[in-house]
Amino acid sequence: MTAPLLELRDVVRHFGGVKALDGVSLSIMPGEIHCLAGENGSGKSTLIKIVSGVNTIDRGHILVDGTLVDTMTPRLAIAHGIQVIYQDFSLFGNLTVAENLALGAEVRAGRRLVNWRRMRAHAQAAVDRLGVALDLDATVDSLPTSGRQLVAIARALMADPLLLIMDEPTTTLTSREVAALFDVVRDIQSRGIAVLFVSHKMREMLAISERITILRSGLVVAGGPIGQFDEAGITRLMTGSEIAEDPYLWDASPATHPVLAVRDLSVRGVLHDINLTIGAGEIVGVSGLLGSGRTELALALFGLLPSYTGTVQIDGRDVALRSVRHAIANRIAYVPEDRLTEGLFLPESIDINLLCASFDRLSRGGVLRPEAMRDAAASAIRDMAIATPTGERPVVELSGGNQQRVVIGRWLLRHPRILILNGPTVGVDVGSKAGIHRTVRRLAREHGMAVIMISDDLPELIGNCNRVLVMHRGRLVDEVADTRNGPYETRRAERALSDRLRELA
Amino acid sequence: MSNTLTPVLSGRADSPRLAWVLKRPELGVGGLAVVAMVVIGSINPAFWDAANLFSLLRANVITGILALGVMIVMLSGGIDVSFPAFAIAAMYLTIKGMIALGYDGVVLPFAVATMIGLLLGLINGLFVYGLRMIPLIVTLGTGTAVRGLLLGAVGSSQINIDRMPPALIGFGRLEFLRSVGGGNGLSTMVVLYAALAVMVHLMLRHTLIGRSIFALGGSEEAARRAGFNVRTTIFFIYGMAGALAGCTGLLHGSMIWVANPRDMVGIELDVIAAVVLGGTSIFGGRGSVMGTMLGVFTLVLLTNSLIIMHIDTTWQRIVTGSIVILAAAATSWRDRRIAA
């Protein structure tokens, strides 16, 4: 039996008082495609940094080719043939493909002068080795994401690696680009190079990985050949949440108008003939593969795709959603997937983050009213059950779950009729997650809001929505679970949804 | 080897022709210069006199060398507004010293002025790298402090031609092609400027430290991961900008035969305007020596021609201010276009 290419034994790593990795063992065989699955905050990034020598370990062992490595350093990791492609690719957008590929080698060779012919030849060889056609003279900024990724892969292969680690490689790719990426990865594998995918996008990983290791809160919770797992099972292991036994029940109240009625909504190239009606108090799930148009649907409703055709009615009135301002004026709220870059002012206080979308309501004649602000912030903290002694703490000090509550709370202060949640609990720990779900359900019921919940987390959708829609190639193609036909059995619904998504992949 | 999927990935600008133009900002500013010259020449044909063209080129020298330094800083994603203060401090200190010691000469004083500029520049580097401070704030602070220190501790009186070291003035007056210009030759300082420009170009294009400046302007994190020593690069950048400023300061004094410690106030905007006009991105990572020289030429052309055309000099400031805004708008449009 051959020794694993890389083996971690009972690795422990703390950051301050937090245990990022709590006795993690993992082995990667030569030439295999391995998937490291886990939610944000599960310890995936720490694990990459330990393997690549950026972070040291507090306890445990690292073995390469069966030999113990005392202290892993970045230089040593590279010497052992370990290459990491980070999510941001670490490329120079202002430089050409050729220079991006060849510059690192020039630096490491300790050269002082640049030989452009030699650099170009190096770059050409790297591109040829990958078997893709890349214009060496194009600046990297001018390439699409998939092209930049190829540059990053080609650069990593220049070091003759034995293990290529790719951090969330499919996050910003369309489904066609993912397929092309997988062709490249299989080709890399055919040369005996092992690939470690680090991801929380399970559906794609199932298609290519041979073995999987699942991390949760710094612990390996499961691992083995991929055939032993299905998507719902992996998600359950990653999140640790047991699926709710009772789905969210919704009684169609005899209201005259639905809250949201969308007719023939289309946006060229991304959305096609979307018809959707959501009543007061409904929570409607939207699932779909990457690039299915689910995020675009949210963007269109939030006024970010102003070139749409079709009609949107809110409470029976026709509305034009040509800008975010229109959407907000029509009481639509959108909580984006990436709250850190799109939603929060991290160094600012909880209060400011809660109130910043409502200053118009909290002022008179352009002057803010302090007591109205205090009351609003306090009520939002109470409503969203944000765990903090004071609203003056900077948001950056809160846990992921509490940060997410702040983002949702901000929009609730505007008393929305329609609340769109995109990945509402990504990177949120299990306990917090259940709390957020409870809050969303309560708010939908009490305020008669229409909630659209977009998520990759199937148990989340099944457990909280009274029906789940499936999108594919910009169309609504299916409606999987519908409590209007009576309560369903959650596990069966989850399996049905999982199967449906796999058919579409 | 073959792969089933071989997409050709190349630049995605709207058309190959537009992409070609976008990559060459020199064309835009060069075209602007040609148009301006034709227009000005048709209004006042005296513009084309060799004497006028020579004086125009001479007027490029000081702004031009300073612009080379600022361009290097801007390529790395930083900015420098301290260089006029450094230039004047280097000049005034050097000339004061020469008078005090009774020394006259050219090479040693220039070496001293350059060293003073270099040291001051390294102080900028210390703050920018060591304390991770924003370059604009650092250089505003060091520039102001150096100016204050110069006036307060060294002297505030102007040194006029009667007390200026003769060798320096002689150097500043060197010229050639006198027969072409009808008695007024082309200043030899233009050659010095051209030589420095070639040197900076070679440094940026063909040395690894030069490429590290571009890399830093592209992404500091990626530069670190690629193995560049970011500290060395930052000290090099600010040191180089300071050295160029120090050298230029003394050159300025010897060309105008006066050492005025209150000189060059507000010139930073002109220089930055010229650099931006030459296609250097205010976000770093893009720009060239050729573009910068053309930017300087165009700016000097426009502002000087206002004088020839008897337009009030206050309009120069309006032209400069407008150029900064228009050129920055054009480059950021270009950057968005490339990254579209």
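**Exercise 1.** Describe the chain over residues 136-161 of chain B, and set residues 290-309 of chain B beside them.

*Solution.* Over residues 136-161 of chain B the chain is 73% helix and 0% strand, with the end C-alpha atoms 35 Å apart. Residues 290-309 of chain B are 95% helix and 0% strand, and here the end C-alpha atoms lie 28 Å apart. Helices (H or I, at least four residues) and strands (E, at least two) are DSSP runs, numbered from the N terminus. The unreviewed UniProt entry lists both stretches under "transmembrane region", among them also residues 27-47 of chain B; such annotations may be inferred rather than shown by experiment.

This is a predicted model, in which local features need pLDDT of at least 70 and side-chain atom pairs count only at pLDDT 80 or more, while totals for chains, interfaces and linings use all residues. Residues are numbered from 1 along each chain as its sequence is written, chains are lettered from A and ligands numbered from 1 in the order in which they are written, and side-chain values use heavy atoms, leaving out hydrogens and water.

**Exercise 2.** Characterise the fold and compactness of chain A.

*Solution.* Begin with the secondary structure of chain A, which comes to 17 helices and 23 strands. The radius of gyration of chain A, 25 Å, is close to the 23 Å that the globule rule gives for 505 residues, so chain A is as compact as a globular protein of that length; the radius is taken over C-alpha atoms, and the rule is 2.2 Å times the number of residues to the power 0.38. Finally, the C-alpha atoms of chain A fill a box of roughly 70 × 50 × 45 Å along the principal axes.
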